[in-house]
Amino acid sequence: QVQLVESGGGLVQPGGSLRLSCQASGSIFKIYTMGWYHQAPGKQRELVARITSSGTINYADSVKGRFTISRDNAKNTVYLQMNNLEPEDTAVYYCNAHIVTLLLAGSDYWGQGTQVTVSS
């Protein structure tokens, strides 16, 4: 079994900052790409940022220059530092990771989601 547990969401004013964390645990052999997606009400889930096991990073155009993704491989954890938040960033944020288990089975796993609300 593999679990992704997120933390760090909340309510913040426009221009503020939040840091999301997501830790993977369970029968993990190797973690490949880790990333963050968000889903606003009535919209599809979209990629925010992702980072490969070798450190290659991709960002959605809407967050470039404001968000920073990083990972700590020793802790099986991915982070999303969100600065200069805008009301349009309001959404549920989901952690995603491609993980190979100890049974050498690979699959995509998702966290439970954490709400980020940007409002004055």
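# Notebook: strands, salt bridges and a core

**Entry 1. The sheet.** I looked up an open sheet of four strands, and its order is 1-3-8-7, with antiparallel pairing. The model is predicted, so I noted its limits: local features need pLDDT of at least 70, side-chain atom pairs count only at pLDDT 80 or more, and totals for chains, interfaces and linings use all residues. Residues are numbered from 1 along each chain as its sequence is written, and side-chain values use heavy atoms, without hydrogens and water.

I wrote down two terms. Strands (E, at least two residues) and helices (H or I, at least four) are DSSP runs, numbered from the N terminus. Two strands count as paired if DSSP finds at least two bridges between them. A textbook note: strands of a sheet pair through backbone hydrogen bonds, either parallel or antiparallel.

Which strands are at the edges? They are strand 1 (2–7) and strand 7 (67–72), and each pairs on one side only. From one strand to the next, the twist averages 15°. For such angles, axes are lines fitted to C-alpha atoms (for helices over the stretch in contact), and the angle runs from 0 to 180 degrees between N-to-C directions.

**Entry 2. Strand 7 and its partner.** I followed strand 7 to strand 8 (residues 77–82). The two pair in the antiparallel sense over six bridges. Ser70 has Tyr79 in strand 8 as its bridge partner. Thr68 stands opposite Gln81 in strand 8. I also checked Thr68 against Tyr79: they are eleven residues apart along the chain, and their C-alpha atoms are separated by 8.1 Å.

Next I checked where the side chains point. They alternate along strand 7. Phe67, Ile69 and Arg71 point to one face and are buried. Thr68, Ser70 and Asp72 point to the other face and are not buried. Here buried means under 20% relative accessible area, exposed means over 50%, and partly exposed is in between (1.4 Å probe, protein chains only). Thr68 has a relative accessible area of 41%, so I logged Thr68 as partly exposed.

**Entry 3. The hairpin turn.** The hairpin of strand 7 and strand 8 has four residues between the strands. What is the phi of Asn76 in this hairpin? It is positive, near 55°. Most residues other than glycine have a negative phi. Asn76 is not a glycine, so I marked this value. Asn76 is partly exposed, with a relative accessible area of 25%.

**Entry 4. Salt bridges.** I searched the whole structure and noted three salt bridges. The rule is a side-chain nitrogen of Lys or Arg within 4 Å of a carboxyl oxygen of Asp or Glu.

Asp61 and Lys64 meet in one of them, at 3.1 Å from N to O. Both of these residues are exposed.

Arg66 takes part in a salt bridge with Glu86, with the closest N and O atoms 3.8 Å apart. Glu86 lies in the loop between strand 8 and strand 9, and Arg66 in the loop between strand 6 (57–59) and strand 7, so this pair ties together parts that are 20 residues apart in sequence. Glu86 is partly exposed at 30% relative accessibility. Arg66 is buried at 10%.

Arg66 also forms a salt bridge with Asp89, with the closest N and O atoms 2.8 Å apart. Asp89 lies in the loop between strand 8 and strand 9, so this pair ties together parts that are 23 residues apart in sequence. Asp89 is buried, with a relative accessible area of 3%. Shared partners join Arg66, Glu86 and Asp89 into one network.

**Entry 5. The core.** How many residues are in the largest nonpolar core? I noted 29. Such a core is a set of buried Ala, Val, Leu, Ile, Met, Phe, Trp, Tyr and Cys residues joined through side-chain atoms within 4.5 Å. Trp36, Leu80, Met82 and Tyr93 have the most contacts inside it. Elements that give two or more residues include strand 1, strand 3 (18–26), strand 7 and strand 8. Strand 9 gives the largest share, five residues.

**Entry 6. A surface patch.** Phe29, Leu102 and Leu104 make a nonpolar surface patch of about 360 Å². Patch residues have over 30% relative accessible area and no salt bridge; like charges are joined within 9 Å, and nonpolar side chains (Val, Leu, Ile, Met, Phe, Trp, Tyr) within 5 Å. Areas come from the Shrake-Rupley method with a 1.4 Å probe, and for residues only the protein chains shown count as cover.

I located Leu104 in the loop between strand 9 (91–101) and strand 10 (106–110). Leu104 is exposed, with a relative accessible area of 62%. Its phi is positive too, near 60°.
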